[in-house]
Amino acid sequence: MCGIAGFTLSYGLPAEERRARFGGRLRRMAASLRHRGPDDQSALLLDGIALGHARLSIVDLAGGAQPMRDPDTGVAVVFNGEIFNYLELREQLRSRHAFRTRSDTEVLLACYLHRGIDCVIDFIGQFAFAIYDPRIRTLWLARDRAGILPLHYTETPEGFAFASEAKALFAGGWRTPALDPRGVKQTLQLWSPVVPRTVFEGVSQLSPGSVARWSDGRLATWRYWDPDLGVEPRVGLEAAQAEEELGALLEDAVRLRLRADVPVAAYLSGGLDSSLLCSIAQSQLGGTLATFSVGFAERGFDERAFQDEVAGRLATRHRSVLVSSSEIGELLPAVVRHAEQILLRSAPAPLLRLSGLVRDCDTKVVLTGEGSDEIFLGYDLYRETRVRQFCARSPASKSRPALLRRLYPYLPMSQQGHELLQQFFAIGLDDPQDPVLSHRPRWAASGRILRFLSRSFAERAAEEDPVASVLASLPARVRGWKPLARAQYLEMQTLLAGYLLSAQGDRMLMGNSVEGRFPFLDHRLIEFAAALPERLKLRGLAEKWILRRYAARWLPQTILERPKYPYRAPIASALIGPEAPAWAAELLSREAARQVGVFEEVKVEKLVAKLSARTTAVSEADSQALTAVATTQLLAHQMLPSASVPQREVDAVRLEAA
Amino acid sequence: MNLRARIRGFIVDSFFVDDFSDDDSFLRKSIIDSLGMLELIAFLEEEFGIKITDAELVPENLDSLARVCAFVEKKRQLGTAA
């Protein structure tokens with residue numbers, strides 16, 4: 001994977017003037033993305049456009065240099081990511097296009113030359129790219145369907161600038177970093193800002209599955225792909241047939257993602273999804289797979305017993321890293337620098353440590369299991385939605401809500417009377433047509449963090465109602481879908497793209513120059529799963545039913561029947577108490593809270609005091625509030641002062657003005 | 001400080017809520033989350049020297065300030081009477 005950046009500039013400038021006026025700016029942008037592409041950084045100044053690239057070499061190590069330009073038309077491209085079916089596309093174009101390299105970047109260029117920007121729908125992959133077409137003086141941007149790779153942009157009076165990460169826009173001087181009150185408020189309640197908004201003022205992100213066109217000083221964006229989860233289920237589809245088709249698609253998705261000129265390894269969490277991917281990959285690789293896992297010293301979070309069992313059975317070369325609470329505290333500043341987001345959970349931190357281990361083992365690419373829960377209905381949220389609907393049909397029933405307890409055997413709330421639990425899940429049940437019914441309890445819970453906002457910051461965001469913003473962002477057709485499909489769509493748009501694939505995904509991988517590949521997010525698999533009858537996914541309350549059935553070919557009973565275990569990491573013990581790092585005491589102080597001004601200093605002080613004196617388990621509400629406050633404080637301290645890139649890294653960027 | 005003010009003070013301090021009415025449902029209005037209910041129950045037991053049984057963990061007893069106050073009053077009277 002890589003990092004990309006660029007901006008528009010005025011036409012007709014002599015090359016020397018372009019170099020003098022824009023060279024430094026472009027090199028600083030490319031240098032700020034060095035972690036995404038440590039193998040090479042280069043910059044190209046053309047008439048009307050500047051393009052920068054930081055390269056992590058994975059395919060065609062010698063020939064894939066970027067920015068790449070077509071000699072005949074002058075069309076230029078910078079590309080981050082992978083088009084996994086590039087060999088097939090190359091074959092189709094071979095008679096019409098004289099390829100000069102073996103690289104996937106040249107295939108992208110050729111596809112554009114032959115089909116225009118619509119070529120994006122032929123790609124199976126994960127990508128963010130920019131294409132400049134001098135013939136029509138147009139800059140195109142595109143992002144993959146699920147939103148695996150990031151792409152940010154900003155419009156200013158000086159021009160239009162884009163980059164993989166916001167930090168490059170700051171390094172290029174396109175924006176002075178400042179928090180966007182609406183983006184902050186959305187993130188605190190929804191776990192992510194509502195696209196195209198980010199937590200930074202003036203910085204937007206391209207929505208997943210979208211294309212942007214910049215020409216004549218105007219921006220237009222549209223979605224070229226949006227999952228149709230309301231599609232009519234295939235009638236008469238037998239479980240055996242569905243299982244066959246699922247297997248064929250998933251095995252092909254893995255096969256395509258093992259394509260690389262460097263070894264591909266895999267993350268192994270010990271759960272169903274990653275264990276299944278590792279089994280398939282190990283079989284396709286003929287026994288050379290390396291696997292990587294995170295273990296925790298705190299027992300409630302640790303899954304090493306299951307990881308070791310799977311790794312042992314598959315005979316992978318297995319490595320794991322043990323992460324302690326104090327390490328999470330030490331990692332958090334780097335986590336926030338890479339994530340460029342406010343977090344409600346600390347779970348990304350161990351993944352930054354894990355990608356460090358991968359990199360230390362000279363590995364650049366890993367398969368990872370994200371997406372399965374979203375497409376095959378694996379989350380508790382879906383089971384909960386089903387139970388809540390069931391309860392809503394008979395509000396007076398005392399026995400129906402008892403089902404909720406079965407959903408959460410691992411949470412302390414099952415120690416309570418289920419009638420109290422019922423009250424919590426009754427949120428929103430008054431209106432069963434509510435398109436965001438499934439997410440109301442979660443958003444009501446995280447919305448408690450908004451109580452911590454200082455009066456002045458809350459006033460600046462007074463116009464913003466995060467739930468209303470999500471509702472406004474939903475395409476009209478989603479309202480007509482079944483409740484589970486609506487829940488699924490919301491989950492994919494908010495938590496998956498906005499948090500799991502970004503703050504907890506790409507950013508934690510790229511922080512150590514490692515590329516993640518996500519077989520479950522192959523769009524053919526997403527579309528296949530969407531057209532399955534609901535009963536094949538969530539059967540009663542048995543989640544991912546069809547996937548489990550298929551997985552039985554590969555995995556032992558102990559893994560198949562293992563209760564679902566949410567991946568989480570400790571936070572309170574990481575930031576408060578004897579093991580906490582020095583920055584935590586400093587940034588969580590009353591004075592620091594007052595300086596940043598987002599949160600009410602007295603409440604921050606009370607929260608820290610409460611958690612310092614704790615004798616029992618820390619509640620989810622307090623954990624989330626603490627993580628949000630700490631990561632906001634870090635964001636303000638690290639990113640808002642003008643970002644500076646070390647001069648020797650700027651000097652390392654090769655610059656060409658043509 | 002009277003009973004109502006003590007319980008209200010605990011809720012304001014523990015759950016960082018500014019303003020809520022005596023009849024607001026703690027759970028439906030997201031004033032307190034489910035683990036927070038455990039904190040509240042522990043506080044009531046310690047502060048007022050009562051013991052709350054599993055059967056008493058129902059919304060009618062615990063899901064608003066008014067209900068909690070009434071419930072605690074009743075428990076204390078029963079305790080004194082016994």
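In which sense do strand β13 and strand β16 of chain A pair, and over how many bridges? Let's take that up in the first view, keeping in mind that this is a predicted model.

**View 1. The open sheet of chain A that holds β13 and β16.** Strand β13 (residues 264-267) and strand β16 (residues 365-367) of chain A run in the parallel sense and are joined over 3 bridges. Look for Ala265(A), whose bridge partner in β16(A) is Val366(A). Zooming out a little, the sheet has 5 strands, ordered β15-β14-β13-β16-β17 in chain A, and its pairing is parallel. At the edges sit β15 (317-323) and β17 (515-517) of chain A, each with pairing on one side only. On average, neighbouring strands of this sheet are turned by 30 degrees against each other, direction ignored.

**View 2. Strand β14(A) and its pairing with β13(A).** Here β13(A) pairs with β14(A) in the parallel sense, this time over 2 bridges. A handy pair to pick out is Ala266(A), which stands opposite Thr291(A) in β14(A). How enclosed is β14(A) by the rest of the structure? Of its 7 residues, 6 are buried, so β14(A) is largely enclosed.

**View 3. Helix α7(A) on the sheet, with Gln284(A) picked out.** Helix α7 (residues 272-285) of chain A packs on the sheet and touches β13, β14 (290-296) and β16 of chain A. The direction of α7(A) makes about 155 degrees with that of β13(A). Within helix α7 of chain A you will find Gln284(A). Is Gln284(A) buried or exposed? It counts as exposed because just 12 other C-beta atoms lie within 10 Å, and the cut-off for exposed is 12 or fewer. Setting aside neighbours within four places in sequence, Gln284(A) is in contact with Val254(A), Arg255(A) and Leu258(A). For a sense of scale, the C-alpha atoms of Gln284(A) and Lys537(A) are separated by 26 Å, with their positions 253 residues apart along the chain.

**View 4. The crossing of helices α9 and α10 in chain A.** Two packed helices are described by the angle between their axes and the distance between the axes. For helix α9 (residues 325-339) and helix α10 (residues 348-360) of chain A, the axes come within 8 Å and cross at roughly 85 degrees. That angle makes α9(A) roughly perpendicular to α10(A). On the α9(A) side, the residues that meet α10(A) include Glu327(A), Ile328(A), Leu331(A), Leu332(A) and Val335(A). From α10(A), the partners are Pro348(A), Ala349(A), Pro350(A), Leu352(A) and Arg353(A). What is the make-up of this contact of α9(A) with α10(A)? Its residues divide into 10 nonpolar, 1 polar and 2 charged.

**View 5. Domain 2 and domain 3 of chain A, side by side.** Chain A is divided into domain 1 (2-177), domain 2 (239-370 + 501-560) and domain 3 (572-639). The centres of domain 2 and domain 3 of chain A, taken over C-alpha atoms, are separated by 31 Å. Where these two touch, 14 residues of domain 2 of chain A are in contact with 17 residues of domain 3 of chain A. The domain 2 side of that contact divides into 7 nonpolar, 4 polar and 3 charged residues.

**View 6. The antiparallel open sheet of chain A.** This sheet has 6 strands in the order β4-β5-β6-β7-β11-β12 of chain A. The edge strands, each pairing on one side only, are β4 (68-69) and β12 (218-223) of chain A. Strand β5 (residues 76-83) and strand β6 (residues 125-133) of chain A pair in the antiparallel sense over 8 bridges, and the bridge partner of Val77(A) in β6(A) is Ile131(A). Helix α3 (residues 104-115) of chain A packs on the sheet, touching β4, β5 and β6 of chain A. Its direction makes about 120 degrees with that of β5(A).

**View 7. Ser32(A) in helix α1 of chain A.** Ser32(A) belongs to helix α1 (residues 15-32) of chain A. This residue is buried, with 30 other C-beta atoms within 10 Å. Although 618 residues apart in sequence, Ser32(A) and Val650(A) are 8.1 Å apart in space, C-alpha to C-alpha.

Terms used. Residues numbered from 1 in each chain as written. Chains lettered and ligands numbered in written order. Predicted model: local features only at pLDDT ≥ 70, side-chain atom pairs only at ≥ 80, totals over all residues. Helix = DSSP H or I, 4+ residues; strand = E, 2+ residues; numbered from the N terminus. Buried ≥ 20, exposed ≤ 12 C-beta atoms within 10 Å, placed from the backbone. Axes fitted to C-alpha atoms, helices over the stretch in contact; angles between N-to-C directions. Parallel < 35°, antiparallel > 145°, perpendicular 65-115°, else oblique. Contact = placed C-beta atoms within 7 Å. Nonpolar A, V, L, I, M, F, W, Y, C, P; charged D, E, K, R; others polar. Domains from an automatic or database assignment. Pairing = 2+ DSSP bridges.
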